[in-house]
Number of protein chains: 2
Amino acid sequence: MQIAVLGTGPVGQSLAAKLASLGHQVTIGTRDVEATMGRTEPDSFGNPPFSEWAAQHTNIAVATFAEAAAGAAWVVNATNGAGSIAALEAAGETSLAGKVLVDVANPLDFSQGMPPALLVSNTDSLGEQIQRRFPDARVVKTFNTMNAYLMVDPTLVAGGDHTVFVSGDDQDAKAAVTELLESFGWSDIVDLGDITTARGSEMLLPIWVRLWSALGNPMFQFKIAR
Amino acid sequence: MQIAVLGTGPVGQSLAAKLASLGHQVTIGTRDVEATMGRTEPDSFGNPPFSEWAAQHTNIAVATFAEAAAGAAWVVNATNGAGSIAALEAAGETSLAGKVLVDVANPLDFSQGMPPALLVSNTDSLGEQIQRRFPDARVVKTFNTMNAYLMVDPTLVAGGDHTVFVSGDDQDAKAAVTELLESFGWSDIVDLGDITTARGSEMLLPIWVRLWSALGNPMFQFKIAR
């Protein structure tokens, strides 16, 4: 399947590489290809520049948001949550229409320093904002409750015995995303309900960042014991 | 130990009965003893009237918030989150000073119907509001992420293999509450940090209520797999 992964950070890289390894044709989308490929310094979190990763993944194309989305059957939003709506607008409403839009972003607000708060929460969510702004896209919120490495290899923690959530209004889109999650090795997949349930999974972030501090590393994940 | 449990709902009942069974001297506090004992109808959630439970637990005293708190070494806030500050004010600032105040309430807003949103979240929490209003109390937030039955018997789900969180500014108070949790049978107790981390555990409620719907029953609990 032709998949556009929007976002060149660790989450986009991790998902793009996994999807490509499973045989999908992956294009990574970015605002400005030349600027993205031209950066030679680590980002503000200390991650190596994208161009290094791209040089090691020559089977994955790099294109603008619009070019990546236009050719894709599915679109994955792995952009910074604060800029996701703008990135998806750049991808183009027409190019998103009718497509499964996997939203893995969190609306984190780093403007007041660490730990981040949420830009939207409680009575709304980024997942809902995206679904409202792009009503013809088939938005499925998932993967936003964990570290990027865990998304693509759940066995890295507790032998994979933990839970991934899906939220969305389109049952067929959720079923298709659930199959994709299974192809990544996920077995405990909980369908929370419609896209308003993205409030719940996005509101896990405040405890996630505190657990990162309390436990000393980001390799943990929520399991719904039952 | 002399413990005041403020709140006569299922959470207060469950905690009071467990504490009494462990040999503590427990007084349940309520705003108006006569009104509470005089109710003969189930509450709005269908729970039987408190007087039925009280008749079966004659070893547990019932008193006003103020009377219960005055005689106690520890105070447990098991009131409705929307009324917790008022209930604690009725208990009396002087009676809370220097004492461990175990806050198990959630600031749920049922005013817009189900599912509830939170009255405070993201940049503040009920735990912090209580600590600010009663600066001499030693507030420890815990137990607010689960069903009342599970609080007092973690083995009811997954053999007890799940996680309870504690948040608070007073290390000695957190250590003492951790011992109490252990006496209830808890083994995976995560200290999230200071009282501002109560934002994180309170913000689990939106996904908790959706999981209740998705799973069809409230007997589940968060495990931090790691």
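Two strands count as paired here if DSSP finds at least two bridges between them. With that in hand, the predicted model shows an open sheet of eight strands in chain A, in the order 3-2-1-4-5-8-9-10 and with mixed pairing. At the edges stand strand 3 (61-64) and strand 10 of chain A; each has a single partner strand, so one side of each is left without a neighbour in the sheet. Direction ignored, neighbouring strands of this sheet are turned by 25° against each other on average.

Moving into the sheet, strand 1 (residues 2-6) of chain A runs parallel to strand 4 (residues 74-77) of chain A, and four bridges join the two. Across this pairing, Ile3(A) sits opposite Trp74(A). Strand 1 of chain A also runs parallel to strand 2 of chain A, this time with five bridges, and here Ile3(A) stands opposite Val26(A) in strand 2. Four of the five residues of strand 1 of chain A are buried, so this strand is largely enclosed by the rest of the structure.

Helices pack over these strands. Helix 5 (residues 84-91) of chain A lies across strand 1, strand 2 (25-30) and strand 4 of chain A, at about 155° to strand 4. Further along the sheet, helix 7 (residues 126-133) of chain A lies across strand 5 (100-103), strand 8 (138-142) and strand 9 (163-168) of chain A, and runs at about 170° to strand 8.

Chain B has an open sheet of eight strands too, with the order 3-2-1-4-5-8-9-10 and mixed pairing. Its edge strands are strand 3 (61-64) and strand 10 (188-193) of chain B, each of which pairs on one side only. From one strand to the next, the twist averages 25°. Strand 1 (residues 2-6) and strand 4 (residues 74-77) of chain B run parallel and are joined by four bridges, with Leu6(B) opposite Asn77(B). Two helices cover this part of chain B: helix 1 (residues 10-21) lies across strand 1, strand 2 (25-30) and strand 4, at about 165° to strand 2, while helix 5 (residues 84-91) lies across strand 1, strand 2 and strand 4, at about 155° to strand 4.

Strand 8 (residues 138-142) of chain B is worth a look of its own. Five of its five residues are buried, so strand 8 of chain B is largely enclosed by the rest of the structure. In a regular strand the side chains alternate between the two faces of the sheet. Here Arg138(B), Val140(B) and Thr142(B) point one way, Val139(B) and Lys141(B) the other way, and all are buried. On the strand 5 side, four bridges link strand 8 of chain B to strand 5 (residues 100-103) of chain B in a parallel pairing, and Val100(B) stands opposite Arg138(B). With strand 9 (residues 163-168) of chain B, strand 8 makes three bridges and runs antiparallel; the bridge partner of Val140(B) in strand 9 is Gly168(B).

As for the interior, nonpolar side chains tend to be buried together in soluble globular proteins. The largest nonpolar core in this model has 124 residues, and Val76(A) and Val76(B) touch the most other members. Leaving out residues up to four places away in sequence, Val76(B) touches Ile3(B), Ala4(B), Val5(B), Leu6(B), Leu15(B), Val102(B) and Val104(B).

That leaves the contact between the chains, which takes 34 residues from chain A and 34 residues from chain B. On the chain A side, strand 7 (117-118), strand 10 (188-193), helix 10 (198-202), helix 11 (205-215) and strand 11 (221-225) each supply at least two residues. Helix 11 of chain A gives the most, with seven residues. By type, the residues on this side divide into 18 nonpolar, 10 polar and six charged. Strand 11 of chain A and strand 11 (residues 221-225) of chain B run antiparallel, joined by five bridges; one partnership across the chains is Phe222(A) with Ile224(B).

A turn of 180° and a shift of 0.0 Å along the axis lay chain A on chain B with an RMSD of 0.0 Å. The two copies are thus related as by a two-fold rotation axis. Of the residues of chain A, Lys223(A) comes closest to the rotation axis, at 2.4 Å (C-alpha). What is more, 100% of the interface residues of chain A are also interface residues in chain B, so the copies meet through the same surface.

Note on methods:
Residues are numbered from 1 along each chain as its sequence is written. Chains are lettered from A and ligands numbered from 1 in the order in which they are written. This is a predicted model: local features need pLDDT of at least 70, side-chain atom pairs count only at pLDDT 80 or more; totals for chains, interfaces and linings use all residues. Two residues are in contact if their C-beta atoms, placed from the backbone, lie within 7 Å. Ala, Val, Leu, Ile, Met, Phe, Trp, Tyr, Cys and Pro count as nonpolar, Asp, Glu, Lys and Arg as charged, and the others, Gly among them, as polar. Copies are superposed by least squares on the C-alpha atoms of residues with pLDDT of at least 70 in both. Axes are lines fitted to C-alpha atoms, for helices over the stretch in contact, and angles run from 0 to 180 degrees between N-to-C directions. A nonpolar core is a set of buried Ala, Val, Leu, Ile, Met, Phe, Trp, Tyr and Cys residues joined through C-beta atoms within 7 Å. A residue is buried if 20 or more other C-beta atoms lie within 10 Å of its own, exposed if 12 or fewer, and partly exposed in between; C-beta atoms are placed from the backbone.
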